[in-house]
Amino acid sequence: MESHEINTVSTPPPKANILLVDDAPANLLVLREILADLGHNMVEARSGEEALRRLLEDDFAVVLLDVQMPGMDGFETAKLIRGPKSSRHLPIVFLTAFETDSSTIERAYSLGAVDFLIKPLVPVIVRAKVAGFIELFEKTRQIQWQADQIRQIEHANFGRKLSEENARLRESEARKAAILETALDCIITIDHQGKVIEFNPAAERVFGYAKHDIEGREIAEFIIPPRWREAHHRGMAHLLATGEGPVLNKRIEVFGLRADGTEFPVELTIAQILSDGPTVFTAYVRDISERVRIERNRNTRLAVNQLLIQAVTFPEAAKGVLKLVCEGLAWDISSFWTVDHDTETLMCLECWHDPSLALTEFEAATRSRAFRFGEGLPGRIWAAGQAAWILDVVHDGNFPRAPSAAKEGLHSAFGCPIMVGGRTLGVIEFFSQRIQEPDAELLEMMATVAVQLAQFMERMSAEEQLRQSEQRFAGFMQHLHGLARIKDLNGHYVYANDEAVNAFQMPRPELYGRTDEDFFPPETAARFKDNDRLAMNGTGVQVIETLKQSDGILHHSLVCKFPIQGPQGTPFLVGGIAIDVTDRVRAEESLKEANRRKDEFLATLAHELRNPLAPIRNSLQILKLPNVEMATIEHCRQVMERQVQQLVRLVDDLMDVSRVMRGKIDMRWECVELANIVARAAEMVQPLMETQGHELTIELPNESLLLNADAVRLSQVVGNLLTNAAKYTEAGGRIALTVLRTADQAVLRIRDNGIGIAPDLLPHIFDLFVQADHSTTRSQGGLGIGLTLVRNLVELHQGTVEVQSEGLGKGSEFIVKLPIVAEFNGAPGSTIAPVQQQLPTPSGHRLMIVDDNRDAAKTLSVLLRLLGHDVQEAYDGPTALKLAKDFRPALIFLDIGMPGMDGYQVARELRQLPALREIVLVALTGWGQLEDRRRTAEAGFNHHLVKPLDPTDLETVLADLNP
């Protein structure tokens, strides 16, 4: 070799440097593994700052730069790399693990990026791209070295050198061609007429055309969709005319056309190559179908998630999800199935299809079907518990809707189960009119959507249960008979039912957040708070709370307070239910008062019964003594007769008030003169008046006052009032009875100057068993039933009675108002004068007495014998029946209440005997009610006499016997 020749001694070229920039050590390790086979130096930098320092230290063939780095990101680093002249043209390949949009990619290429790779990286692609840039780097470095050599041997043979350089240039062109051949992106070169000059293998693979079939032909006829061709031609003409174009040197996304007629999204960059000849254009085309699919799946998933967040009802959510998936992922019709646990089938809840498609028959077939476990596409998904894909439903053996699907051109289908905890809640399915190969990523994405749907269904179910629970709670609280409220631990009201809101007289929103201190006096609020604390510290409390309310009345409430536990099992609220028991408390107090009066009445009754019994017993003891004078005997007889009458009067009063209060009294209505009633009553009480030394004055009107009344009962009313005035007036007092007419009423006033009535007793004076608690009244006796009887009898006469008194020691006045009869054609009835008691004349009848009380039987027997009758006695029913058959009496006095065989049974047996069928039966009993008289009549009795026997009643019964 001559001294001026270039040194071509073969020496191993120095290794190229590759700068790997990533903040994640794991990513750097992956890049090292991928590029290790290239055998070049790999320099790592874990930040943008470190990468810049490395570039200052050495030369690099290529930089693999991560976009997402803390601090200075990849774009900022690339911008700084492009600043110095030494690294201005350094190839930069961006790496990212995140999905990107067109603006991100445009920014990367605007910074001089030669490529943009999405993680995870494909090793073959990465090695191929890096290898190409290393070759370019080595070539550049070799050319620079050669340029240095040329300058050193300027005296070398220029011709030979040029020949060698041309050879090397051809070799470089070949290497560049190799790079184009191995490029993964489509590189297409066209001339100014739009005809293809270059069509690399990547373009052949992507578009489906062979290079020799498309070279020399206009590009628009092959790879541009028809709807865009006219715009392409206009753009080319404008670019050639002006040198400007909207797509020149920019990355845009358009649609390309494959040889099979399908459109797909591509990313396009067009560069104009200037030369001495016509303009040439090179297009760099990248198939972004996968990226678009990923973005479409992501956007659909995000839209579904947003829908489920905003949806209010489950049907709304179901229909919205079907629509979003169909529109976002280009499927034609879809349906949503839910499990009907009653029929153990899948029922169609919602169905949606593209409105532009005629799929009504298939939709109708879907909505009308129910699938069993394992039946059809929904049933097999239910049974398998996992997604299923059908390439063509028309030829599927387990697809009952195949006829309608075939008719409307549906083919591919897939579906996913909606499951929670291994339990299937429903199924979603989708159909397409195109044959679509199974897509694992789509199924994975839909599985995520199904999980979201399942969670939404569970949430809706939980919310529905909560809503129903709240409705039940609210319904229970609103219909609760009482005030219901709930407070937090600080005493703030958080719930109140309507009754409680009305009680507080405040709208519910204003009530919530307030405490008892805002409504009640401090001592009351403190007491309520103490009860709340007791309830929270235990299992609850039940207390009676007393509060004077706005009506000024003291109210009593039965309050139950109880803790309400939170999720952690600790109380966080206190509930309370208050029921107004004021009426109950008053009733209990009234009952206590009634019991007190009852006890007082019983004591009074015992006292009143003992009073007549004492003289009777004393008289009997006198009669037992020997040599008693006839005058003394007659006096004892009169005493006993008076006391027995007193006992009878007491019993009659009790029976009267009982009958009146139960509405069982028998009233005998007639037209009576009020003056006669007053006269009769005054006559009845005259002995008592004389005994007390009272002055009784009576004032009557001149006119006649006619009343429709029961003369006996009305006399009883006036007599009781006069008796009451006499009892409660001190000896020598004055009692005035006046009668006057007011409109259509007769007004009777009885005024005394007696002890008067205390104000607290005045409202209760007509109540049963009520008496003034004074020693003077005690001495006069009485059961406290007279005024009760007066009120009830007056009301039966359609009248009213009232009392007035200015207080103790100031006397009292009773006022009775009775309606006057407007017209009466007949003469008014007069009161019956007292009947003088006369003993019956002797008649010599056979009489029989049946009574288990031997004393009663014997005393009546003695009385009847003294009257001249033949009398026999029996002390039980069987003996009476036997004796009656032999004795054949004309009349039998028969006691009702006998042990064993009672009087009713004896009467029925006697009526069955032919010889005794006409016998006169007299019921002798202590019961005298209408019901008692009805029963004795039904048993066959002729008469009903009440013990003790009244001589007049006895005479009447005996008078009915034949002589």
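# Close-up views of a predicted model

**Figure 1. Overview of the protein chain.** The protein chain contains 30 helices and 33 strands. The model is predicted. Of the 963 residues in the protein chain, 43% are buried. When contacts between residues at least 6 apart in sequence are considered, 58% of them join residues at least 24 apart. The exposed area of the protein chain is about 51,700 Å², and 54% of it is supplied by carbon and sulfur atoms.

**Figure 2. Surroundings of Lys487 in strand β17.** Strand β17 covers residues 483-488 and includes Lys487. Lys487 has a relative accessible area of 5%, which is under 20%, so this lysine is classed as buried. The side chain of Lys487 is joined to the side chain of Asp516 by a polar contact of 2.8 Å. With neighbours within four places in sequence left aside, the contacts of Lys487 include Asp516 and Asp532, as well as Lys561. His492, Tyr493, Val494, Leu573 and Val574 are also in contact with Lys487.

**Figure 3. Crossing of helices α23 and α25.** Helix α23 spans residues 711-727 and helix α25 spans residues 786-796; their axes come within 9 Å and cross at roughly 145°. The crossing of α23 and α25 is left-handed. On the α23 side, the residues that meet α25 are Arg713, Gln716, Val717, Asn720, Leu721 and Asn724. On the α25 side, the residues that meet α23 are Gly786, Leu787, Leu789, Val790, Leu793 and Val794. By class, the residues of the contact between α23 and α25 are seven nonpolar, four polar and one charged.

**Figure 4. Gln798 in the loop that follows α25.** Gln798 is placed in the loop between α25 and β27, the latter covering residues 800-804. Gln798 is not a glycine, yet its phi is positive, at about 65°. Most residues other than glycine have a negative phi. The relative accessibility of Gln798 is 65%, which is over 50%, so this residue counts as exposed.

**Figure 5. Ala330 in the loop between α12 and β11.** The loop that holds Ala330 lies between α12 (314-329) and β11 (333-340). Ala330 is a residue other than glycine with a positive phi, near 65°. With a relative accessible area of 35%, Ala330 is partly exposed.

**Figure 6. Polar contacts of Glu873 in strand β30.** Glu873 is located in strand β30, which runs over residues 870-874. At 18% relative accessibility, under the 20% limit, Glu873 is therefore buried. Two polar contacts of the Glu873 side chain are shown: one with the side chain of Ser861 at 3.0 Å, and one with the side chain of Tyr875 at 2.5 Å. Leaving aside neighbours within four places in sequence, Glu873 is in contact with Ser861, Ala857, Lys858 and Arg865, among others. Ile849 and Leu883 also belong to this set of contacts of Glu873.

**Figure 7. Leu761 in the loop between β26 and α24.** Strand β26 (745-752) and helix α24 (775-780) are joined by the loop in which Leu761 lies. Leu761 has a relative accessibility of 18% and counts as buried. Leu761 and Gly807 are 46 residues apart along the chain, and 9.8 Å separates their C-alpha atoms.

**Figure 8. Cis peptide bond between Lys119 and Pro120.** Lys119 and Pro120 are joined by a cis peptide bond, with omega about 0°. Most peptide bonds are trans. Pro120 is in the loop between β5 (113-118) and α5 (123-152).

**Figure 9. Phe199 in strand β7 and its contacts.** Strand β7 covers residues 196-199 and contains Phe199. Phe199 is buried, with a relative accessibility of 1%. The C-alpha atom of Phe199 is separated by 8.4 Å from that of Ala210, a residue eleven places away along the chain. Outside its neighbours within four places in sequence, Phe199 is in contact with Phe207, Tyr209, Ile187, Ile188 and Ile214. Glu204 and Lys211 are in contact with Phe199 as well.

Key. Residues numbered from 1 in each chain as written. Predicted model: local features only at pLDDT ≥ 70, side-chain atom pairs only at ≥ 80, totals over all residues. Heavy atoms only, no water. Helix = DSSP H or I, 4+ residues; strand = E, 2+ residues; numbered from the N terminus. Buried < 20%, exposed > 50% of the residue type's maximum accessible area, 1.4 Å probe, protein only. Contact = heavy atoms within 4.5 Å. Areas by Shrake-Rupley, 256 points an atom, 1.4 Å probe, with all protein chains shown as cover. Polar contact = N/O pair within 3.5 Å; in protein donor to acceptor, adjacent residues only side chain to side chain. Axes fitted to C-alpha atoms, helices over the stretch in contact; angles between N-to-C directions. Left-handed = near helix turned anticlockwise from the far one by under 90°. Nonpolar A, V, L, I, M, F, W, Y, C, P; charged D, E, K, R; others polar.
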